[in-house]
Amino acid sequence: MQIERREFLSTLSLAGAAALFSGNPLLAATSPKKDKLGIALVGLGYYSTDLLAPALQLTEKCYLAGIVTGTPSKAEAWKAKYNIPEKNIYNYQNFDQIANNPDIDIVYVVLPPSMHREYVVRAAKAGKHVFCEKPMAPSVADCEAMINACKSNKRKLAIGYRCQHDPNIQAYMQVAKEQKFGKVKMINSAAGYFDARTDHWKQKKSLGGGVMGDMGVYALQGARLATGEEPVSVIAQASTTRPEIYKEVEETMMFMLEFPSGARAACQTSFGINMNHLQVNYEKGWLKMEPQSGYNGNKGSMSDGTIINFPIKSQQAKQMDEDCLAIMNGTDLIAPGEEGLRDIRVVEAIYKSVASGKAVKI
């Protein structure tokens with residue numbers, strides 16, 4: 001997900017601009033109920049272009065209503081490809097005017113993590129519900145500010161944890177709830193890929209880069225969701241095999257989690273190694289997933305012969321439809337802002353452990 005340097009720099013001077021605009025709560029309260037909610041994608045990098053926009057052609061409860069981009073050529077291309085009205089196309093200078101557009105119900109923030117807080121807060125102040133890609137933000141303080149902004153403006157905030165909408169992942173979450181094989185004893189959770197890029201936001205500290213907040217969240221969630229618990233301590237070690245590329249952030253992270261029940265999880269994540277698996281050892285059996293966090297094809301097996309292999313057309317379409325239904329019906333989101341905060345709280349502890357060389361309580 002690349003962002004033009006001029007786009008990034010221009011946003012820095014606009015932080016105060018959000019205060020000049022606010023959503024109209026009366027307009028929101030009196031708007032007719034819709035069958036489909038309009039989504040505006042903020043940031044038109046790889047994830048928006050190759051995954052979210054195509055998924056929005058499959059959704060039943062939402063549609064691609066608008067875009068926000070700092071690149072005029074992208075605006076023209078998307079306008080033509082998806083028949084987006086001119087009035088629903090924004091840039092980073094006039095973004096806050098989205099408050100006056102009834103076509104747009106949800107703003108989906110798909111920018112580098114360092115920019116998530118600003119645009120989630122501005123969207124909430126504009127009276128829009130917000131979807132935000134993971135990692136939620138670089139810090140716990142940012143996450144809390146985002147949650148508070150949405151709550152104070154009575155808007156919902158969903159984190160783009162597509163995997164939690166996948167029935168294959170939900171299957172192993174259910175094993176933890178039912179304690180089908182007794183208590184969890186040990187977990188091995190890994191998520192990584194070889195990234196050949198050399199100048200990307202994921203390699204820049206100022207933009208929220210580093211593997212831990214990106215692929216590391218999948219390794220972390222594998223452990224959290226498999227136990228159904230939140231970790232209480234962590235010890236971690238960061239490394240890189242390509243210091244000429246990973247000058248500012250880690251390429252690989254290994255971390256060991258301890259849970260309240262006594263379960264342990266050994267987790268690995270990397271931008272230099274292809275890996276994507278989960279193994280859970282219980283008191284009376286085991287569960288394996290490989291892959292555990294792919295865009296599709298997640299599958300697994302259990303020691304009693306149970307196969308986990310539920311077909312799914314599009315994780316992203318299912319995610320957005322289910323989040324839109326929650327907004328429409330006023331029900332709980334599967335992965336609200338608080339879920340993103342839980343992960344970033346652990347991520348912060350992991351970095352503290354790396355810095356100190358010691359285990360850190362969470």
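Here is a short chat about a predicted model, covering its sheet, helices, empty spaces and a few backbone spots.

Visitor: Let's start with the sheet: which strands stand at the edges?
Guide: The sheet is open and has 9 strands, in the order β14-β13-β12-β11-β7-β10-β9-β8-β15, with mixed pairing. An edge strand has a single partner, so one side of it is left without a neighbour in the sheet. The two that fit are β14 (307-308) and β15 (360-361).

Visitor: Does β11 run parallel or antiparallel to β12, and which residue in β12 stands opposite Gln279?
Guide: Strand β11 covers residues 272-282 and is joined to β12 by 4 bridges. The two strands run antiparallel. Opposite Gln279, in β12, you'll find Lys288.

Visitor: What angle does α8 make with β7?
Guide: Helix α8 packs on the sheet, where it touches β7, β9 (252-258), β10 (264-270) and β11. Taking the direction of α8 against that of β7, the angle is about 160°.

Visitor: And at what angle does α10 run to β8?
Guide: Helix α10 spans residues 337-356. It lies across β8 (233-239), β9 and β15. Its angle to β8 is about 65°.

Visitor: On to empty space: which helix gives the most to the lining of the largest cavity?
Guide: The count comes to 2 cavities of 30 Å³ or more, and the largest has a volume of about 90 Å³. Its lining includes Tyr161, Arg162, Cys163, Tyr218 and Ser293. Helices α7 and α8 each supply at least two lining residues. The top contributor, with 4 residues, is α8.

Visitor: How many charged residues are in that cavity's lining?
Guide: Sorted by class, the lining of the largest cavity has 6 nonpolar and 5 polar residues. The charged count is 1.

Visitor: Which residues are closest to the centre of the second largest pocket?
Guide: This pocket holds about 420 Å³ of space. There are 23 lining residues, and α3 (46-55), β7 and α8 (215-227) each supply at least two of them. Closest to the centre are Tyr47, Lys134, Lys202, Asp214 and Tyr295.

Visitor: How does the lining of that pocket divide by class?
Guide: Nonpolar residues number 11 in the lining of the second largest pocket. The other classes there are 6 polar and 6 charged.

Visitor: Now the backbone: where is Pro135 found, and is the bond from Lys134 to Pro135 cis or trans?
Guide: Pro135 is found in the loop between β5 (129-132) and α6 (140-152). The peptide bond from Lys134 to Pro135 has omega near -5°. That bond is cis.

Visitor: Which residue does a cis peptide bond join to Pro291?
Guide: Pro291 lies in the loop between β12 (286-289) and β13 (300-302). Omega for its cis bond is about 0°. The partner is Glu290.

Visitor: Is Asn83 buried or exposed?
Guide: Asn83 is found in the loop between α4 (72-82) and β3 (89-90). Its phi is near 55°, a positive value in a residue other than glycine. Its relative accessible area is 67%, and the cut-off for exposed is over 50%. So Asn83 counts as exposed.

Visitor: What is the relative accessible area of Gln179?
Guide: Gln179 is found in the loop between α7 (167-178) and β7 (184-194). Its phi is positive, about 50°, although it is not a glycine. Gln179 is partly exposed, and its relative accessible area is 46%.

Notes. Residues numbered from 1 in each chain as written. Predicted model: local features only at pLDDT ≥ 70, side-chain atom pairs only at ≥ 80, totals over all residues. Heavy atoms only, no water. Buried < 20%, exposed > 50% of the residue type's maximum accessible area, 1.4 Å probe, protein only. 1 Å grid on protein atoms, 1.4 Å probe; cavity = no way out; pocket = protein on both sides within 12 Å on 5 of 7 lines; lining within 4 Å. Points joined across faces, edges and corners; volume = space filled by probe spheres on them. Nonpolar A, V, L, I, M, F, W, Y, C, P; charged D, E, K, R; others polar. Pairing = 2+ DSSP bridges. Contact = heavy atoms within 4.5 Å. Axes fitted to C-alpha atoms, helices over the stretch in contact; angles between N-to-C directions.
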